[in-house]
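Visitor: I have a protein model open on my bench computer, and I would like someone to walk me through it. Could we take it one question at a time?

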Amino acid sequence: MQPISGYGVAKVLDSENPEFKKGDLVWGMTGWEEYSLVTAPQLFKIQHTDVPLSYYTGILGMPGMTAYAGFYEVCSPKQGECVFISAASGAVGQLVGQFAKLLGCYVVGSAGSKDKIDLLKNKFGFDEAFNYKEEPDLNEALKRYFPEGIDIYFENVGGKMLDAVLLNMKIHGRIAVCGMISQYNLDRPEGVHNLMYLVTKRVRMEGFLVRDYYHLYPKFLEMIIPHIKEGKIVYVEDMAEGLESAPATLIGLFSGRNVGKQVVAVAPE
């Protein structure tokens with residue numbers, strides 16, 4: 001039996017690795033446990049401690065880097081473009097939307113509850129947002145918000161949402177495939193029927209893994225830390241207390257129970 005591994009924030013209690021010393025704060029792959037023995041460290045040393053440490057599980061950690069790499073590196077965005085983000089209130093989506101707004105884009109997000117829609121419009125500054133559960137026809141919903149089409153789609157959901165987006169992409173649009181959470185727990189993944197639109201609209205659709213972009217982490221911090229301190233980028237976390245709450249919070253992710261980045265506080269700093 002092995003503990004589940006995941007991204008966490010930790011304090012080094014002892015180290016035989018010259019890159020880390022006792023007392024260092026780090027983020028990266030750890031176990032779902034109170035103490036972890038890390039033999040091949042995939043860890044980043046935390047330099048900025050004047051922000052909440054939990055941010056290194058989100059905005060300043062893997063989700064932040066995912067949003068940064070997917071939007072800026074994969075999507076090659078331009079000022080004024082039309083951007084759509086699914087699962088937009090989650091750990092990654094909320095940041096992609098704010099990055100797009102900083103660039104002067106028109107931004108629409110989808111999410112699964114009224115509270116999440118309110119967050120997108122009133123806290124994260126999205127131009128529009130809609131509850132996909134209340135839309136009988138996703139194609140018609142997207143036409144309503146993007147009458148001239150979508151330049152960039154940041155894909156977190158897959159399935160029916162992707163099919164509807166393909167109908168509404170502009171010529172030379174870009175789709176960054178970050179995840180497809182609607183498909184993860186299905187016995188048989190849903191088919192995608194509108195892929196021919198990639199051809200007729202000359203759309204580029206590219207999957208990516210954040211680890212391919214970790215060399216850009218210093219550049220990312222240089223960009224985002226000032227924005228956080230100036231209040232130009234905000235971040236919402238859903239904090240659960242205690243390791244014993246971790247299984248239920250994990251299950252809750254797949255039903256959309258969390259609002260923002262789901263964090264489990266294992267121990268106080």
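What follows is a conversation about this model, from its domains to its surface.

Guide: Happy to help! This is a predicted model, in which local features need pLDDT of at least 70 and side-chain atom pairs count only at pLDDT 80 or more, while totals for chains, interfaces and linings use all residues. Residues are numbered from 1 along each chain as its sequence is written, and side-chain values use heavy atoms, with hydrogens and water left out.

Visitor: What separation lies between the centres of domain 1 and domain 2?

Guide: The protein chain is divided into domain 1 (5-61 + 215-265) and domain 2 (63-210), with bounds that come from an automatic or database domain assignment. Their contact, meaning heavy atoms within 4.5 Å, takes 24 residues from domain 1 and 22 residues from domain 2. Taken over C-alpha atoms, the separation of the two centres is 25 Å.

Visitor: Which helix gives the most to the largest nonpolar core?

Guide: A nonpolar core is a set of buried Ala, Val, Leu, Ile, Met, Phe, Trp, Tyr and Cys residues joined through side-chain atoms within 4.5 Å, and buried means under 20% relative accessible area, exposed over 50%, partly exposed in between (1.4 Å probe, protein chains only). The largest core has 51 residues, of which I59, L60, M65, F99 and I224 touch the most other members. Among the elements that each supply at least two residues are strand 2 (25-31), helix 1 (62-74), helix 2 (93-102) and helix 7 (217-229); helices (H or I, at least four residues) and strands (E, at least two) are DSSP runs, numbered from the N terminus. With seven residues, the leading contributor to this core is helix 7.

Visitor: Which residues does M65 contact, leaving aside its neighbours within four places in sequence?

Guide: M65 is one of the residues that touch the most other members of the largest core. That core draws at least three residues from each of domain 1 and domain 2. Beyond its sequence neighbours, M65 is in contact with V210, Y213, Y214, L216, Y217 and F220.

Visitor: Why is helix 2 described as largely enclosed by the rest of the structure, and what covers its buried residues?

Guide: Helix 2 is largely enclosed because eight of its 10 residues are buried. They are G93, Q94, L95, V96, G97, Q98, F99 and A100. Their cover includes helix 1, strand 4, strand 5, strand 7, helix 7 and strand 11 (261-265).

Visitor: Is E81 buried or exposed?

Guide: E81 is found in the loop between helix 1 and strand 4. Setting aside neighbours within four places in sequence, E81 is in contact with S76, C105, Y106, D151, I152 and R174. Because its relative accessible area is 10%, E81 is buried.

Visitor: Which residues are linked with K21 in a network of salt bridges?

Guide: A salt bridge here is a side-chain nitrogen of Lys or Arg within 4 Å of a carboxyl oxygen of Asp or Glu, and by this rule the count comes to 12. The side chains of K21 and D24 meet in one of them, at 3.3 Å from N to O. K21 is exposed at 53% relative accessible area, whereas D24 is buried at 7%. The network links K21 with D24 and K45.

Visitor: How far apart are the closest N and O atoms of R144 and E135?

Guide: R144 is partly exposed, with a relative accessible area of 48%. Its partner E135 is buried, at 17%. In the salt bridge between R144 and E135, the closest N and O atoms are apart by 2.6 Å.

Visitor: Which residues does L243 touch, not counting those up to four places away in sequence?

Guide: L243 has its place in the loop between strand 10 (237-241) and helix 8 (246-253). With a relative accessible area of 25%, L243 is partly exposed. Not counting residues up to four places away, L243 touches W32, E33, E34, V264, A265 and V266.

Visitor: How much accessible area does the nonpolar surface patch with I4 have together?

Guide: I4 lies in the segment before strand 1 (5-11) and counts as partly exposed at 47% relative accessibility. Patches are made of residues with over 30% relative accessible area and no salt bridge, with like charges joined within 9 Å and nonpolar side chains (Val, Leu, Ile, Met, Phe, Trp, Tyr) within 5 Å. Areas come from the Shrake-Rupley method with a 1.4 Å probe, and for residues only the protein chains shown count as cover. I4, W32, I181, Y184, L250, L253 and F254 form this patch, and their accessible area together is about 600 Å².
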